Amino acid sequence: MRSWVLVAAVLWYLPRIGWQRFSEVTKKGFIYGKPAHTVKLYVELHHNSPFLVCMDIKLAKKETVDPTYLWIGPNEKPLKGNYRINITQTGDLMVKDFMETLSGLYTCTLSYKIIKEQTQEEKVVKQRYEFMMFAYREPDYSYQMAVRFTTKSCTGRHNDLFFTVLKKTLDNLISDLSCHVIEPSYKCHFVKLPKHGLKKQLFIAFQVNPFALQWKSACNDAGDCEDITNHNILQARDRIAEFFRSQAYILYYDPSRTLPAIHFVDHSFQMARMDSCRPGFGKNEGLHSNCATCCVVCSPGTYSPDAGVTCQTCTTAHTYGAKICP
């Protein structure tokens, strides 16, 4: 509230802001294989994967005799002796604390026997199942915002002074959320309004970003803190939206009140969410249609060096989650 009062005063002073996603239906956290089909699924970073069942649903409804299971990981080596890997007696696989480097193809070979009970004749049957697991994380949110203010003149220092005070006020409004205003800019334009003639208006644009200098301290030492930063940016968005609503209320509550030299243009506030991905992650709706809004780990042959939105091609990147092109 203090910030709102401050800007109102300035206006008058001037001379007249781990769950998982699957491509297959899952039941109680279990993903079944499909013969001759690679099951694709997405595991949130630092969360446990669902249990991968080394069996298809149809076979699971039948009796299997002497089943054995052989799991092969993305490194094409048997999965065993790894504290992150949990394989149950019935061959179900779960990966703990999923990381970028754990992405890739997981295959399981199920062997079991078919027995003719009258003759005790045995036949060994083998079935291979493939699961493609990708690490993903939620995108980081920021907001691009725009607003207009009417001004008396497009020349002089009063517009610069107002713009500086407005930015500082918005920063103060959201500083406790580790958010800040970046890339602020304004231009003065002449606008012809129906029944009101020619008006001079400041077109102001800025971005609200969740990574102020102290943003890491807000994570409370959490290893992965997009949930916290995204929660904070949503609060910052709401505060700034309410701030501009209050400007309209202050200026137009009393229609007989004399307007200041620079004042808010009612209904001019606009905002749009902008997503970005951490290095090593990107969006690809074509390749990852079941996780189109996710930041999915960059596959081998691609990389992402910065907080962009997509992974870039790099033929020398041979690992998942590459942040540089070697």
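Cys 154 and Cys 188 form a disulfide, with an S to S distance of 1.8 Å. The model is predicted. The torsion about this S-S bond is about -70°, so the link is left-handed. The bond ties together distant parts of the chain, 34 residues apart. Cys 154 sits in the loop between β10 (140-150) and α3 (158-174). Cys 188 lies in strand β11, residues 180-193.

How exposed are the two ends? Cys 154 has 26% relative accessibility and counts as partly exposed. Cys 188, at 22%, is also partly exposed. Buried would require a value under 20%, so neither cysteine qualifies.

**Other disulfides**

The structure holds 6 disulfides. Three of them are set out here, including the pair just described.

| Pair | S to S | S-S torsion | Hand |
|---|---|---|---|
| Cys 154 – Cys 188 | 1.8 Å | about -70° | left-handed |
| Cys 291 – Cys 294 | 1.9 Å | -90° | left-handed |
| Cys 314 – Cys 325 | 1.9 Å | 90° | right-handed |

Cys 314 and Cys 325 both fall in the segment after β18 (312-313). They stand 11 residues apart, and their bond is described as linking distant parts of the chain.

Burial is worth following along these pairs. Cys 291 is buried, at 1% relative accessibility. Its partner Cys 294 is buried too, with a relative accessible area of 0%. The other pair is mixed: Cys 314 is buried at 2%, whereas Cys 325 is partly exposed at 38%. Cys 179 is another buried cysteine, with a relative accessible area of 2%.

**Nonpolar cores**

Which residues have the most contacts inside the largest nonpolar core? They are Trp 71, Tyr 106 and Phe 131, in a core of 38 residues. Several strands each supply at least two of its residues: β3 (38-44), β4 (51-53), β7 (93-95), β8 (104-116), β9 (121-137) and β16 (295-297). Strand β9 gives the most, with 8 residues.

Phe 131 shows how this region packs. Beyond its neighbours within four places in sequence, Phe 131 is in contact with Trp 71 and Tyr 106. Its partners also include Ile 31, Tyr 32 and Gly 33. Thr 38, Val 39 and Leu 41 touch Phe 131 as well. So do Leu 52 and Val 53, along with Gly 104 and Leu 105.

Apart from the largest core lies another, of 26 residues. Among its members are Phe 163, Leu 170, Ile 204 and Ile 233.

Key: Residues numbered from 1 in each chain as written. Predicted model: local features only at pLDDT ≥ 70, side-chain atom pairs only at ≥ 80, totals over all residues. Heavy atoms only, no water. Core = buried A, V, L, I, M, F, W, Y, C linked by side-chain atoms within 4.5 Å. Buried < 20%, exposed > 50% of the residue type's maximum accessible area, 1.4 Å probe, protein only. Helix = DSSP H or I, 4+ residues; strand = E, 2+ residues; numbered from the N terminus. Contact = heavy atoms within 4.5 Å. Disulfide = S-S within 2.5 Å.
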